[in-house]
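Dear colleague,

Please find below the structure for your records. My findings follow it, arranged by region, and I would be grateful if you could read them alongside the model.

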There are 4 protein chains.
Amino acid sequence: MQKLANDILLKSKKLTEKGNVAEYIPALGKADPNKLGVCIADMHGNIFTAGDYNNKFTIQSISKTITLMLAIMDNGVENTFNKVGMEPTGDAFNSIIKLEIVSPSRPLNPMINAGAIAVTSLINGKDSKERFQRILDFFRLISGNNKLDINNEVYESEKATGDRNRSMAYFMRDVGIFEGDVEDILDVYFKQCSIEVDCIDIAKIGLFLANRGIIPQTGERITTENVARIVKTFMITCGMYNASGEFAINVGVPAKSGVGGGIMASVPHKMGIGVYGPALDNKGNSIGGIEILRQLSKQLNLSIF
Amino acid sequence: MQKLANDILLKSKKLTEKGNVAEYIPALGKADPNKLGVCIADMHGNIFTAGDYNNKFTIQSISKTITLMLAIMDNGVENTFNKVGMEPTGDAFNSIIKLEIVSPSRPLNPMINAGAIAVTSLINGKDSKERFQRILDFFRLISGNNKLDINNEVYESEKATGDRNRSMAYFMRDVGIFEGDVEDILDVYFKQCSIEVDCIDIAKIGLFLANRGIIPQTGERITTENVARIVKTFMITCGMYNASGEFAINVGVPAKSGVGGGIMASVPHKMGIGVYGPALDNKGNSIGGIEILRQLSKQLNLSIF
Amino acid sequence: MQKLANDILLKSKKLTEKGNVAEYIPALGKADPNKLGVCIADMHGNIFTAGDYNNKFTIQSISKTITLMLAIMDNGVENTFNKVGMEPTGDAFNSIIKLEIVSPSRPLNPMINAGAIAVTSLINGKDSKERFQRILDFFRLISGNNKLDINNEVYESEKATGDRNRSMAYFMRDVGIFEGDVEDILDVYFKQCSIEVDCIDIAKIGLFLANRGIIPQTGERITTENVARIVKTFMITCGMYNASGEFAINVGVPAKSGVGGGIMASVPHKMGIGVYGPALDNKGNSIGGIEILRQLSKQLNLSIF
Amino acid sequence: MQKLANDILLKSKKLTEKGNVAEYIPALGKADPNKLGVCIADMHGNIFTAGDYNNKFTIQSISKTITLMLAIMDNGVENTFNKVGMEPTGDAFNSIIKLEIVSPSRPLNPMINAGAIAVTSLINGKDSKERFQRILDFFRLISGNNKLDINNEVYESEKATGDRNRSMAYFMRDVGIFEGDVEDILDVYFKQCSIEVDCIDIAKIGLFLANRGIIPQTGERITTENVARIVKTFMITCGMYNASGEFAINVGVPAKSGVGGGIMASVPHKMGIGVYGPALDNKGNSIGGIEILRQLSKQLNLSIF
């Protein structure tokens, strides 16, 4: 497995030249596009790593899966999905059109930005500070890394350039999807996106999902099997932006990507995989990261289909 | 003419029972739906009034025409229409869809909310206070009423419930239609919508437009004939929300309505008409006001077509 | 006037180099882009011509205004506008989106293709042959040209490449906007678009509209003032494709263009103007033709606003 | 297993009262809404049945999965997906909007009608008769039922009422997604939708997919593992109309439904399941059928997530 990881990383490295780092959040534009790393964490406690696996990056949209778990744990399945739908969408992750067309208005799923913001608004807490602290604690708990924290430069950059998210949030408040202070909710959202991780962290979270909500190292059940299953389902149907369908066909593994360059994959009953490569394809997914997952799936026969 | 005004008012009064006052801005919901008034101001200095012509109401979307004049005077035709289009739209006045679909993104015209907000952002002034003061001064100048001012209760109500406008404003800042503080721009916009007028005030502004930018009483040219013509054209193509086409066919006079219940009409070379009736039809236009204008157009043969 | 026409034609000629002939209907692609002609027909029976005024071209979308008259005469205002709306649209002339989004489904106006096809379906006649004959007779009647007929090559070309129109027509039949054989209705529509005219013909039709439905030469009333007014209103609000608003501002005269290169203008109470120039701008309007109308409006102060 | 099937059928039966049979295709409206049947076919050759398992019904949209296999076998993966995308959509199965908005125009996936029609156009054959025969032969081959044939009444009914499909097909031909005679292609499409099956037939096709393209009874490989995987992936991401995401979460098994009341499910490496119940929910899925699959998944732990 270690050799396989090394080989695949080497082969995938060339692809990084064909991608570009995200630039719409200025602070992300500083990443080195040549970086590429992978971590595989299996059910037996083994950790295999290769390349720039210990490079730090911000978790970005991968956080949507984790906050969703906490929101369901806080509110129950039914209340959560009264606010956000379960269906994939062919629109862009930051599209606002369906909020206007669909009646009653509701973000189609928790993986697009509008849906993720609605989910963040559901997290319990007496104020935005407590809400974010609960999210951060949950990230730390399921990654087993107590040192997880936000990257302040990225957080400030997101906040400064987050007007599209503001637009969606005000639209949602207008149609009653949530109440409360929009900037407060967005502040929590921008912070959760700015949590800094490495490949090991997200591999472990992927493993936690693969293990149905139980931390393998300790045997501690954190959430129900149903919640873990819901999250993995969304990872298949809408985890890779507008390339989710193609990824499901070519790789066949629940995965969630972020524009920071990370992809968290969860192979049910088997393993969690974390990859990092900030050079993105035109859909916003790590170009080298996708190739690593494709190769791993092929070599290890990981597709769930 | 005076008799005609009285007769038409009487006949149109019954229709007010079929409409409803605007409720999406709570303060507007307090209006008395039975009110109906009209004022006709002609080129010879005559003023004919009937019914509740001296009832105060907030100008709302009628203000879009006036601020547009000032914006063009401040920036020129070309710069203004780089920010906002000239084309009518079949979408709702508060629709956000086209901002996402059309490329490059630009509100289709200055009569929909997105376009009007973009226009307000173009008004010169060192801060939002000065910007609004210039707008208010311009309203006072062309109405000949130095006492025009905002209705604070309505202004506060608009501000408190203006999330759809916030959504559009942040979207526009995201795509570069304007820079600057969104709440500041919206504050000016909410204030301009909350200026309180009566039928005489808007009849006089309509007359000013009919007289091609010259105040008839004084002979003072305030703006160019071209600017006055641009505004009257928008009043025909998109002045009556999603009933602009129908109104142009049935009445055929440049007119702009507001959800406060007012309609300002401008019959080129002839007269300005102000009507007020807060009972609205399902398109957001004064139901009695439209009937008054339809009757006047028919009896006096006012259609420009 | 004759000198003015000559001068303006000469000045506008240069612009033809910047346009392109329509190519989506192959037979139209053969037109000579340098052609430019104009005819002005006034209420006193004067005809002024310049340039390629006697060049033949197919009437294309200009026909929408004429068939609309006949449809209203056949069905009444109310029945006609139960099938097609009165509102301008910001969408393209061949857009199908609103047919799906708007509920109940109805083309927004009779100047976009969907609306024009719905209008054609309303023409009385026992079969498509009789229906088209009635349309052709009506064109002949109001143009005073008994020799008007279709250009067979263009008709065949339209029929062969009219799939977008077929798509809209089947959608409309699906939602109940009309019944009957789709190819039959489209056949009439393709034929009416393929009627061959010159500048004099459309100037005379424009004059007929300007004269409120009465043929000036004979004094014969063909249709009501109301019908003529409806058509002129649509020419202002949606006669020039997605540049209708801009044209209304810059020229201010009811006008309808066709991709064959013609524009028919109607100045209420004054004159009809026919221009021809197959070099089109990117909105599908004759680039030289628009310039001629702009100059005429400016020099003769024709704007209705 | 047999007892489980019986129990679940009994429990699910009540739900059929809450659904309605499809009525937009008149011939489907005649089905008995109380019918409910199930067949489970496992890898060991066992067949378990309960209820109205041997009732005949038309396969409708379930056929999309099967024709897709044949299209890929005829054209290869790349050529096929040049014509149709791989991404789920939040729009309705018969929506035409994305064909206009997305550039270049392409149906988002092969499970919506536009995509399925494009796929049908890819089937090899010298004419539509041969094309349909090849499709029918393929259905017979993988179901192991040589007697499969079309229900003529349903076929005629689909053809008579298929205007929305015609609209999409002409739009697609207009933008170059396919060439050839539209009615010919639609004829093949309407026929493939009208193939009559029972629960056993579709359970066996589901089993064939579960067995990665090999007929279990004979060991004969009909298509590649990759093709079988592609189809199962689409069944998860877009097999259940606009309830695909919800079904993936609640049931977690690749499945494709049809408005005839059938659902074909394929549990990778384990079994095929066919259910039938013409009472549909408001998304167009068999209401009793979904409940049977939900219970089976829960009791047998079939979710792939």
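In chain B, T58(B) stands opposite E196(B), a residue of strand β5(B). Please note that this and everything below refers to a predicted model. Strand β3(B) is joined to β5(B), residues 195–197 of chain B, by two bridges, and the two strands run antiparallel. They belong to an open sheet of three strands in the order β3-β5-β4 of chain B, with antiparallel pairing. The edges of this sheet are taken by β3 (57–58) and β4 (149–150) of chain B; each has a single partner strand, so one side of each is left without a neighbour in the sheet. As general background, strands of a sheet pair through backbone hydrogen bonds, either parallel or antiparallel.

Strands of chain A

A second set of strands is found in chain A, where β9 (residues 262–267) is mostly covered, six of its six residues being buried. G262(A), M264(A) and S266(A) point one way from β9(A), while I263(A), A265(A) and V267(A) point the other way; all are buried. In a regular strand, side chains alternate between the two faces of the sheet.

β9(A) pairs in the antiparallel sense with strand β8 (residues 255–257) of chain A, over three bridges. Within this pairing, A265(A) in β9(A) is the bridge partner of A255(A). The hairpin of β8(A) and β9(A) has four residues between the strands, and G261(A) takes a positive phi near 110° there.

β9(A) also pairs in the antiparallel sense with strand β10 (residues 271–276) of chain A, over six bridges. Here the bridge partner of A265(A) is I273(A) in β10(A). A265(A) thus has a bridge partner in A255(A) and another in I273(A). The hairpin formed by β9(A) and β10(A) has three residues between the strands, and H269(A) in its turn has a positive phi of about 70°.

Helix α9 of chain D

In chain D, helix α9 covers residues 199–210, and its twelve residues should span 16 Å at 1.5 Å a residue; the end C-alpha atoms are 16 Å apart, which agrees. How many of the twelve residues of α9(D) are buried? Twelve of the twelve are, so the helix is largely enclosed by the rest of the structure. Among the buried residues are D201(D) and K204(D), as well as I202(D), L207(D) and F208(D). Just after α9(D), R212(D) takes a positive phi of about 60°.

Y170(D) and the contact of chains C and D

Y170(D) lies in helix α7 (residues 163–174) of chain D. Is Y170(D) buried or exposed? Y170(D) has 23 other C-beta atoms within 10 Å, and is therefore buried, the cut-off being 20 or more. Leaving aside residues up to four places away in sequence, Y170(D) touches V182(D) in its own chain and D163(C), R166(C), S167(C) and Y170(C) in chain C. Y170(D) and V182(D) are twelve residues apart in sequence, and their C-alpha atoms are 6.8 Å apart in space.

The contact between chains C and D takes twelve residues from each of the two chains. On the side of chain C that touches chain D, the elements giving two or more residues are α3 (97–101) and α7 (163–174) of chain C. α7(C) gives the most to this side, with eight residues. By class, the side of chain C that touches chain D has four nonpolar, two polar and six charged residues.

The contact of chains A and D

Chains A and D each bring 27 residues to their contact. α10 (225–238) and α11 (244–250) of chain A each supply at least two residues of the side of chain A that touches chain D. The largest share of that side, six residues, comes from α10(A). Its make-up by class is eleven nonpolar, ten polar and six charged residues.

A turn of 180° and a shift of 0.0 Å along the axis lay chain A on chain D with an RMSD of 0.0 Å. That is the relation of a two-fold axis. In chain A, the C-alpha nearest the axis belongs to T89(A), 2.2 Å from it. Of the interface residues of chain A, 100% are also interface residues in chain D, so the copies meet through the same surface.

With kind regards

Note on methods
Residues are numbered from 1 along each chain as its sequence is written. Chains are lettered from A and ligands numbered from 1 in the order in which they are written. This is a predicted model: local features need pLDDT of at least 70, side-chain atom pairs count only at pLDDT 80 or more; totals for chains, interfaces and linings use all residues. Two residues are in contact if their C-beta atoms, placed from the backbone, lie within 7 Å. The expected span of a helix is 1.5 Å times one less than its number of residues. Two strands pair if DSSP finds at least two bridges between them. Ala, Val, Leu, Ile, Met, Phe, Trp, Tyr, Cys and Pro count as nonpolar, Asp, Glu, Lys and Arg as charged, and the others, Gly among them, as polar. Copies are superposed by least squares on the C-alpha atoms of residues with pLDDT of at least 70 in both.
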